[in-house]
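Visitor: I should like to examine this structure through a series of questions. Please show it first, and then let us proceed to the details.

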Amino acid sequence: MIVDKRVSGKTRIMGVLGNPVEHSISPQLHNTLSTRLGIDTVYVPFRVEKADLDNAVKGLKALNVLGFNVTIPYKKDIMKFIDDNTKEALLMGAVNTVKNIDGRLYGYNTDAEGFSRSFKEESGATFKGKNILIIGAGGVSRAIAVKTAIEGAKHISLVNRTISKALDIAGIIENNYETGIRCLDSEDKKYKDAFSEADIVINTTSVGMYPEIEGCPVDKKINFMSHQIIYDVIYNPAKSKLLKKAEKSGCKAMNGLGMLFYQGIYAYEIWTGIKLSEDIIKEIYKSFVNILKN
């Protein structure tokens, strides 16, 4: 028998809080990074019920974890259990990365930067002067809306079943940026026109995510335009029903794998204090893409 020495008394724990987390490939990313760099950490998924979120955070702090990610549906709720949230996280209304420094928890948002980098690299486009339609009004939606406004979007249309949530995000944009913004629900007659007028459509909801892969956040009445860029933050499955529909219409379609990858890279750098080289990032990304393909 070969003794497994990968985990020792000095190993630091990292992980991800969410529900569900079974689909997550963040453990493969972070554990691969640590193995490649020779860092003594282990990253594990933690499925947590909403009623247990406070106790889960206290438990992770008590266990002296190095840090953890936060995923759907807790990116907003987690903020009240964190000791200090960065200004950017407060503006975006969501935390997806938490670092434990001497027993004090610090909240960050790396989703927006991860999204921006992956979008620009994969599409070859920017947000400046563009009409953008965002589906959903949760933590990811707010972060992306703020980021696209920061980077010069001309107009944003927010589509959500609960208009009040979309209005909260709209208020942030109106009070801080010159980007125009409006809120619609999926039954609004203006929704169809807003979709057609959009240069970029971004789905920030979990509709269509594994295991409910037949779901689609856009109904049959909506027409895609061939010049549009459709971005789905979902990465499992690799091609959601939304992206399949977009590709059939000739659109450029992208999933959230790049966003997940780059937000993870930024999170790892926050936790470890290590600035990863572009060579290592490219090397890991190639392996990471293969994980999803397989």
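Guide: Rings of Phe, Tyr and Trp (its six-membered ring) pair if their centres lie within 6.5 Å. The model discussed here is predicted.

Visitor: How many aromatic pairs are there, and which residues form one aromatic cluster with Phe-115?

Guide: By the rule just stated, the count comes to 12 aromatic pairs. One aromatic cluster consists of Phe-115 together with Phe-119, Phe-127 and Tyr-231.

Visitor: Is the pair of Phe-119 and Phe-127 stacked or edge-to-face?

Guide: Planes under 30 degrees apart count as stacked, and those over 60 as edge-to-face. The ring centres of Phe-119 and Phe-127 are 4.6 Å apart and the planes stand at 25°, so the pair is stacked.

Visitor: Are Phe-119 and Phe-127 buried or exposed?

Guide: The term buried applies under 20% relative accessible area, and exposed over 50%. By that criterion, both Phe-119 and Phe-127 are buried.

Visitor: How are the rings of Phe-195 and Phe-224 arranged, stacked or edge-to-face?

Guide: The centres of the rings of Phe-195 and Phe-224 are 5.3 Å apart. Their planes are at 85°, so the arrangement is edge-to-face.

Visitor: Where in the chain do Phe-195 and Phe-224 lie, and how many residues apart are they?

Guide: Phe-195 belongs to helix α7 (residues 189-197), whereas Phe-224 lies in the loop between β10 (200-203) and β11 (229-232). The pair thus links distant parts of the chain, with a separation of 29 residues.

Visitor: Is Phe-224 buried or exposed?

Guide: Its partner Phe-195 has a relative accessible area of 0% and is buried. For Phe-224 the relative accessible area is 12%, and this residue therefore also counts as buried.

Visitor: Are α5 and α6 roughly parallel or roughly antiparallel?

Guide: Helix α5 (residues 139-150) packs against helix α6 (residues 163-176) at an angle of about 20°, the axes being 10 Å apart. Angles under 35 degrees count as roughly parallel. The relation of α5 to α6 is therefore roughly parallel.

Visitor: Which residues of α6 meet α5, and how many residues of this contact are nonpolar?

Guide: From α5, the residues Ser-141, Arg-142, Ala-145, Val-146 and Ala-149 meet Ile-169, Ile-172 and Ile-173 of α6. In the contact of α5 with α6 there are 1 charged residue, 1 polar residue and 6 nonpolar.

Visitor: What is the relation of α4 to α9, oblique or roughly parallel?

Guide: The axes of helix α4 (residues 111-123) and helix α9 (residues 257-272) come within 7 Å and cross at roughly 130°. Angles from 65 to 115 degrees count as roughly perpendicular and those over 145 as roughly antiparallel. The value falls in neither range, so α4 is oblique to α9.

Visitor: How many residues of the contact of α4 with α9 are charged?

Guide: The α4 side includes Asp-111, Glu-113, Arg-117, Glu-121 and Glu-122, and the α9 side includes Met-259, Tyr-262 and Tyr-266. The residues of this contact divide into 4 nonpolar, 4 polar and, as charged, 5.

Visitor: Which residue is joined to Pro-73 by a cis peptide bond?

Guide: Pro-73 is found in the loop between β3 (67-70) and β4 (84-85). The cis bond has an omega of about 10°, and the residue joined to Pro-73 is Ile-72.

Visitor: Is Asp-102 buried or exposed?

Guide: Asp-102 lies in the loop between β5 (97-101) and β6 (104-108). Although not a glycine, Asp-102 has a positive phi of about 55°. Its relative accessibility is 80%, so Asp-102 counts as exposed.

Notes: Residues are numbered from 1 along each chain as its sequence is written. This is a predicted model: local features need pLDDT of at least 70, side-chain atom pairs count only at pLDDT 80 or more; totals for chains, interfaces and linings use all residues. Side-chain values use heavy atoms; hydrogens and water are left out. Axes are lines fitted to C-alpha atoms, for helices over the stretch in contact, and angles run from 0 to 180 degrees between N-to-C directions. Helices (H or I, at least four residues) and strands (E, at least two) are DSSP runs, numbered from the N terminus. Contact means heavy atoms within 4.5 Å. Ala, Val, Leu, Ile, Met, Phe, Trp, Tyr, Cys and Pro count as nonpolar, Asp, Glu, Lys and Arg as charged, and the others, Gly among them, as polar. Buried means under 20% relative accessible area, exposed over 50%, partly exposed in between (1.4 Å probe, protein chains only).
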